[in-house]
Each structure stands twice: as structure tokens, then as C-alpha cells.
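Thanks, everyone. I would like to take a few minutes to walk through one chain, from its overall fold down to a single side chain, so please have the view open in front of you.

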Amino acid sequence: MIAHIRARPEHVATVREVLTGYVVPTRAEAGCFVYDLFQDCGDPAHFTFVEEWADAAALDTHSKSAHIAAGRARLNGLTAAPTEVIRYVRLA
């Protein structure tokens with residue numbers, strides 16, 4: 001899965017703080033194989049998560065976790081657009 005988050009320019013530091021706060025608890029979740037956060041070098045307001053989960057159930061559980069819900073509440077009004085989430089299936 002890939003998730004793109006775009007912060008409002010005046011809120012980049014706060015959005016970064018919220019997103020980095022997801023990393024440790026998410027990596028401890030059952031079924032989480034990869035959970036990496038990136039910040040675009042050319043556009044610091046653009047953040048990307050690259051995630052790999054054991055299955056759809058693990059991803060669904062993650063999306064309902066307390067730390068993600070709390071972070072979403074904190075991000076309210078700080079992002080420039082809705083989060084873009086793209087789910088992939090590994091072919092090779």
C-alpha cells in the first residue's frame with residue numbers, strides 16, 4: 001500500500017510530527033511487514049507511507065487502531081487534500 005499525505009505549507013512540521021508518531025506503534029502491529037515514511041525532497045509538504053501487510057485483515061485492523069484514529073484527529077485541518085491511498089497486490 002502507498003499513502004500520500006499533503007500538508008498545508010504552514011503545518012509541515014506538525015504533520016511530520018504526527019506521521020512520525022505512527023511509525024513505532026504500527027511496526028509493532030501483527031501483520032505489519034513494512035511501514036516506512038518518506039518526505040519529498042522537492043516538496044517538503046508531501047509525505048508518503050510505503051506499507052506492506054500480511055493480508056487485508058491486518059491492514060484493516062491497522063486503519064482502525066487507536067494511534068491512527070488519534071493522529072487523524074490531530075491532522076484535521078492541517079492537510080491540503082484528503083489522503084490518497086493506493087492498494088497494490090504483489091505480482092512478482
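The secondary structure of this chain comes to 3 helices and 4 strands, where helices (H or I, at least four residues) and strands (E, at least two) are DSSP runs numbered from the N terminus. Before going further, I should say that this is a predicted model, in which local features need pLDDT of at least 70 and side-chain atom pairs count only at pLDDT 80 or more, while totals for chains, interfaces and linings use all residues. Residues are numbered from 1 along each chain as its sequence is written, and side-chain values use heavy atoms, with hydrogens and water left out.

Read along the sequence, the pattern is β-α-β-β-α-α-β. The radius of gyration, taken over C-alpha atoms, is 13 Å, close to the 12 Å that the globule rule (2.2 Å times the number of residues to the power 0.38) gives for 92 residues, so the chain is as compact as a globular protein of that length.

Turning to the sheet, the 4 strands form an open sheet in the order 2-3-1-4 with antiparallel pairing, and two strands are said to pair if DSSP finds at least two bridges between them. The edge strands, each pairing on one side only, are strand 2 (32–39) and strand 4 (84–86). Within the sheet, strand 1 (residues 2–6) and strand 3 (residues 46–53) run antiparallel and are joined by 5 bridges; His4, for instance, has Thr48 in strand 3 as its bridge partner. Helix 2 packs on this sheet, touching strand 2 and strand 3, and its direction makes about 135° with that of strand 3; here axes are lines fitted to C-alpha atoms, for helices over the stretch in contact, and angles run from 0 to 180 degrees between N-to-C directions.

What does helix 2 (residues 56–63) place at His62? His62 is buried, with a relative accessible area of 5%, whereas Thr61, also found in helix 2, is exposed at 55%; buried means under 20%, exposed over 50% and partly exposed in between, using a 1.4 Å probe and protein chains only. Leaving aside neighbours within four places in sequence, His62 is in contact (heavy atoms within 4.5 Å) with Thr26, Glu29, Tyr35, Glu51, Trp53, His67 and Ile68. As for Thr61, its C-alpha lies 24 Å from that of Arg6, the two being 55 residues apart in sequence.
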